[in-house]
Structure formats: structure tokens, C-alpha cells
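Trainee: Can we go through this one together? I would like to start with the ground rules and then the details.

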Amino acid sequence: MIQFFRHVVPGTVVVLFFLFFFPLHLTAVEAGEYIAIRKEGSGNIALVLDRLGADGKKESRFAQGIDTVMHDGLDFTGLFSLISPPLNVKDNSDGKHVAINFGALTSVGAEVYAGGVVTMKSNLFNLNMEVYEASGSKLLFKKTYTGKEGELRSIGHAFCADLVELLTGKRSVFGSKIVFVSNKTGCKEIYECDFDGQELEQLTNSRSISMNPTLSPDGRHLAYIDFTSGRSTLYIRNLAERKIAAVAKSGVSIDPGWRSNSEVAATLSFDGSQGIYLIKTDGSISRRITNSKSIDISPTFSPDGSKMAFVSSRNGLPQIFVEDLQSGEVKRLTFSGRYNTQPSWSPIGDKIAYTTWEKSGEINIFVINADGTGLVQLTQKCGENKSPCWSPDGEMIVFTSNRQGKEKMYVMNSKGGKERLLLQGDGEQTQPSWSLFR
Amino acid sequence: MKTMKPLLRSLVIPSMLFLGACCCANEVVVAPPPPPPPPVKVVLPGLGDVFYDFDRSELRADAITQLKTNANWIQANSSNNVIIEGHCDERGTSEYNLALGERRANSARDYIVNLGVAPVRLKTVSYGEEKPFADGHNEEAWAQNRRARFVAE
């Protein structure tokens with residue numbers, strides 16, 4: 001009986017969970033066990049992403065497009081080792097129906113097999129995907145994705161998101177956005193792109209100086225600094241309703257960071273001295289949360305909003321401090337490096353990324369635990385690396401670097417590996433901020 | 001009859017001109033007045049910028065001399081208000097420099113307020129590292145860019 005509960009109940013919960021969230025298409029799921037196996041292992045998931053089957057010209061073209069989107073998307077996450085499908089992966093030796101040759105899959109070292117078929121019905125494409133465990137030849141996941149011809153990316157990424165969540169138990173980067181500053185028009189304006197640098201869109205056209213954009217966790221509000229009024233002013237824009245609230249009638253406004261969907265923090269000086277304030281989305285002030293005579297800037301919050309990391313010059317040159325918002329207690333976090341700024345609190349854990357301006361002139365990115373242990377250097381010997389910001393799954397960091405001349409956005413994994421340019425384009429790209437929403 | 005033709009002609013031409021003038025008059029009324037010219041900002045002799053050490057907003061001896069000159073100028077030119085802009089060099093991070101720039105502008109303002117200048121005549125703004133004066137990437141340029149700039153309105 002106990003055995004029965006141990007095996008069936010968790011499986012049932014998972015099935016109910018998936019049925020609840022994906023009621024229409026899901027037909028078979030037994031994901032719980034697989035996640036457990038993955039957590040024990042380390043390194044990338046060895047995945048065979050098979051070429052999609054398709055009959056007909058339109059279907060084949062769509063399948064090819066989806067193939068590319070899914071391949072690029074899964075590769076971007078850095079979670080997978082993508083293995084080319086072995087030639088004999090499909091077995092139709094009995095001449096009737098095609099079976100997956102699991103023996104061939106295990107012989108090339110695959111842990112997971114994903115494959116599918118594209119069909120078409122009244123101008124809508126159906127992508128029927130199946131995911132198998134290679135060694136046990138067990139069906140882990142089966143789902144149909146439906147969409148129009150122009151929705152290649154969203155359909156392909158919907159499967160990628162499901163696959164990552166199935167295999168890691170965590171939400172993925174798919175569907176997330178990056179907002180950043182570019183001076184390609186001659187003025188610093190704010191832009192948005194997808195997590196992978198695609199689908200670029202210009203968000204401000206103030207022809208002034210716009211800086212430090214950051215999206216609220218639910219993606220509904222964009223907070224940023226803009227000089228249109230003649231001084232640096234914090235604006236909170238409701239993206240859907242196109243409403244903008246300006247914060248503080250005088251003084252400076254610096255570097256906003258969201259605490260929750262309803263509260264953003266920023267440095268303001270309207271009352272004569274600089275301090276970090278909590279501000280509501282309508283632009284009204286909640287309360288002041290730092291009270292030193294020094295520079296306190298760049299608030300970033302723990303996932304539950306109870307703690308804030310920020311930059312302070314209270315001990316001389318800027319260092320990172322952590323404040324408990326309930327007790328008001330402030331502790332210094334960084335003791336290594338003379339000029340530490342730009343903290344970013346990981347949305348999934350207790351790690352904080354920040355930059356150190358080194359004596360050599362380099363600026364490098366470090367990660368430290370919120371309790372001050374486990375300091376790790378992520379970049380070195382490649383110029384100035386600035387403005388680190390975590391991906392929503394905490395697996396990646398976006399940052400800027402001038403390693404190839406102009407300052408551009410790059411991404412790397414949370415250990416500092418797999419560094420790559422995110423976005424080509426004219427001008428310099430600065431101050432990227434990765435959204436949490438999807 | 002022959003005498004009527006020139007008479008008619010002489011009537012038709014003025015009447016056409018009159019009608020045309022009426023139409024034109026309508027358009028003239030609709031046209032908006034030209035916008036007032038933007039206020040011209042002039043840096044007058046006597047009003048000079050003050051310079052700072054790296055990561056500092058405290059006033060140096062040379063800054064104090066200049067600020068005394070600036071205070072005298074402001075007292076003598078009572079029709080002008082003054083904007084004090086805080087600027088930083090490109091080093092460090094732009095967020096930090098925005099905060100530092102305000103401190104530089106404030107330290108200059110506080111000093112000349114202490115010399116007797118009415119605070120209402122002074123406005124401060126920080127540009128951080130966003131509007132450098134010198135483009136170089138060396139100490140010579142950086143020293144130029146760490147300044148409080150005085151602009152008469």
C-alpha cells in the first residue's frame with residue numbers, strides 16, 4: 001500500500017497538474033520521475049531532436065522552419081547537447097508503421113528523443129510532438145500545438161518551453177523579453193527584443209537620454225529614466241494602457257528595480273538628500289528605505305521581496321550591501337574589489353551578480369551568494385563587462401561588453417561559460433534587463 | 001457699346017482681386033502665430049565651471065576661488081538665474097555617476113548659497129557621464145569632464 005502511494009500519488013498529482021494547465025492537447029504525461037533523475041545528474045541533457053515529418057509542400061516548409069526555431073531555441077538555453085538523429089532512428093522494417101529505433105538512440109548516447117509531425121487543416125498548422133526517454137523507450141510527453149504560418153517562432157518556442165519544464169522542472173527563458181538602451185539613432189532610446197535577440201522593437205522616441213529600463217515581473221509596466229523634462233526623471237509606463245506616470249517633481253531619479261508587480265524602487269532626491277524609495281505603479285511614493293548620507297543606488301530584490309541588495313558609498317568607494325526590509329538591518333556583502341556596482345539578484349535563488357571595476361581598468365562580472373559566500377568570477381581579460389542581469393530561469397546572464405570595440409549585449413551561462421553576442425546592429429547597446437514574464 | 005467694354009473690364013478685374021483677397025484673408029486668419037523663440041542660454045564671462053577629483057564631490061581650492069567669482073557675478077546680474085550642471089567622467093558606472101553628478105552640483109550650490117546668493121536663483125541638474133565635454137579616454141579628458149557647469153538663464 002505504501003509502495004502504491006509512493007509511486008502512484010506523485011504521478012497522479014503531476015498528471016492532474018498538466019491536465020489543469022494544458023487541458024486540450026495533452027494525452028500522456030509521466031514527467032515527475034524524469035525530473036528526479038535529471039536533478040541527480042549534472043551536465044547537459046543529451047537530446048535527439050528528430051526532423052519533423054510532413055506531407056505536402058506547405059507542411060514541409062513549415063516543418064523546416066519549426067525545425068530551425070526549435071533547434072536554435074534549445075541550443076540557446078545551453079541545457080542540451082543536441083545530437084544529430086542517427087540515420088536508422090526511424091524503423092519501419094515491418095513495412096506497416098514507423099517505430100522509433102530506441103537501440104539506435106541509446107547507441108549514440110541520447111537520453112531523450114523528441115520528434116513530431118506537421119499536418120495542416122483549414123489553413124492552420126498542427127505540430128504533434130512526442131518526447132521519449134531513450135533508454136526506457138517510455139513516452140514522457142505528447143502535445144499538439146496549433147497556429148498560423150506566421151506563428152513559427154511562438155509555436156516552436158511553446159514546445160521548447162514545455163520540453164525544458166518537463167526535463168528540468170523549472171520555467172524557461174522562452175517567451176521572455178530583454179529591454180535595453182541603444183544609441184543607434186544618435187540618442188539613447190529604449191528597445192525591446194526577445195530573449196534570443198530577435199523581434200527588435202523601439203519603445204521610446206524621446207530624442208533625449210533614456211536609461212535603465214526594467215520590466216515589472218508580470219511584464220505590465222516598464223520603469224525607466226528619461227531626461228526629456230530637463231533632468232533625470234523616473235517614468236512608469238503601463239504598456240497595455242499606454243499610460244505613463246512621472247515620479248518626483250524635483251531632484252534626480254536613478255536606476256529603478258522592481259520589488260513586486262506593484263512596487264518599484266529607485267534613488268530619488270526630491271526632499272534634498274538622495275535615498276532609495278519604494279514607489280507604486282501610479283507614481284506615488286510608498287516610503288523611503290535607505291537613510292545614509294552617502295550614495296545609495298541600484299536596488300535589486302530577493303525573489304520574495306524581503307531583502308534588497310544595493311550599491312552604497314557609505315564606506316568610501318561603492319560596495320554592495322544587503323538590507324532586510326523588515327528590520328532595516330544593513331550588511332555589507334562585498335569585500336573583494338575596490339569599486340563594486342550593478343547588483344542583480346537571481347530570480348530563482350540567493351545569488352547576486354555584480355560588476356567590479358578592477359585596477360587594471362577591466363570591469364568584470366562576479367557572482368556571490370546572498371550570505372557573502374561562494375564568490376565566483378565570470379568574466380576576465382575581455383575589456384569592460386557591465387550591467388549583468390539574470391534570465392528568468394536563473395540559468396543565464398545577459399550583460400554588455402566592449403570586447404569587440406563597441407559596447408554590445410552578450411549572454412553567458414550562470415557559470416560564465418558559453419559567452420556569445422546576443423544582437424548585432426548599429427550603435428552601442430547598454431543596460432540590458434531580462435524580464436520574468438512569459 | 002464700345003465704351004462699355006473697358007468699363008466692364010475695369011470692374012471685373014478689381015472684383016476678382018477683391019474675391020481673391022477675401023479667400024486669402026481667410027487663410028491668414030487660420031495660420032497660427034509663430035512659436036516664441038526658445039530662451040537663449042548664454043555663458044557670460046565671469047561665470048566659470050569648477051572641477052573635481054575622481055569620485056569626489058568635495059570642493060578643491062581652485063574650485064573655491066572660482067565659486068567666489070561666480071557668486072559675485074550672480075549677485076551683480078540679478079536678472080539672471082543660474083543652472084548648475086553636475087558632470088562626471090566616463091569611468092565607473094552611469095548610474096553611480098548620475099548620483100555623483102548631483103552631489104557635485106549640490107556642493108557648488110551650497111557653497112555659493114553660503115556666500116549669500118538666494119537659493120531660488122539656483123537650479124541644479126545632474127547629467128552624470130551622459131554629456132562629456134572632452135571625448136578622449138585619458139586623464140586629460142576625464143579631468144575636463146568632472147565638473148560643475150554654470151549656465152546663466
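Mentor: What follows covers the ground rules, the chain contact, a helix pair, chain B and one strand.

Mentor: This is a predicted model, where local features need pLDDT of at least 70, side-chain atom pairs count only at pLDDT 80 or more, and totals for chains, interfaces and linings use all residues. Residues are numbered from 1 along each chain as its sequence is written, while chains are lettered from A and ligands numbered from 1 in the order in which they are written.

Trainee: How many residues does each chain put into the contact?

Mentor: Chain A gives 23 residues and chain B gives 13 residues; a contact here means C-beta atoms, placed from the backbone, within 7 Å.

Trainee: Which strands of chain A supply at least two residues each on that side?

Mentor: Strand 12 (210-215), strand 16 (253-258), strand 20 (296-301) and strand 24 (340-345) of chain A do. Strands are DSSP runs of E with at least two residues, helices are runs of H or I with at least four, and both are numbered from the N terminus.

Trainee: New topic. How do helix 3 and helix 5 of chain A cross?

Mentor: The axes of helix 3 (residues 57-77) and helix 5 (residues 152-168) of chain A come within 9 Å and cross at roughly 45°. Axes are lines fitted to C-alpha atoms, for helices over the stretch in contact, and angles run from 0 to 180 degrees between N-to-C directions. The two helices of chain A are therefore oblique to each other, the class left after under 35 degrees (roughly parallel), over 145 (roughly antiparallel) and 65 to 115 (roughly perpendicular).

Trainee: Which residues make the contact?

Mentor: Among them are A:G65, A:I66 and A:V69 of helix 3 of chain A, and A:I155, A:G156 and A:F159 of helix 5 of chain A.

Trainee: And chain B, what order do its elements run in?

Mentor: From the N terminus, α-β-α-β-α-β-α-β, with four helices and four strands. Of its 153 residues, 32% are buried, meaning 20 or more other C-beta atoms, placed from the backbone, lie within 10 Å of the residue's own.

Trainee: Back to chain A: why is strand 14 largely enclosed?

Mentor: Five of the six residues of strand 14 (residues 233-238) of chain A are buried, so the rest of the structure largely encloses it.

Trainee: What does strand 14 of chain A pair with over five bridges?

Mentor: Strand 15 (residues 243-247) of chain A, in the antiparallel sense; to pair, two strands need at least two DSSP bridges between them. A:R237 has A:I244 as its bridge partner in strand 15 of chain A.

How values were computed: Two residues are in contact if their C-beta atoms, placed from the backbone, lie within 7 Å. A residue is buried if 20 or more other C-beta atoms lie within 10 Å of its own, exposed if 12 or fewer, and partly exposed in between; C-beta atoms are placed from the backbone.
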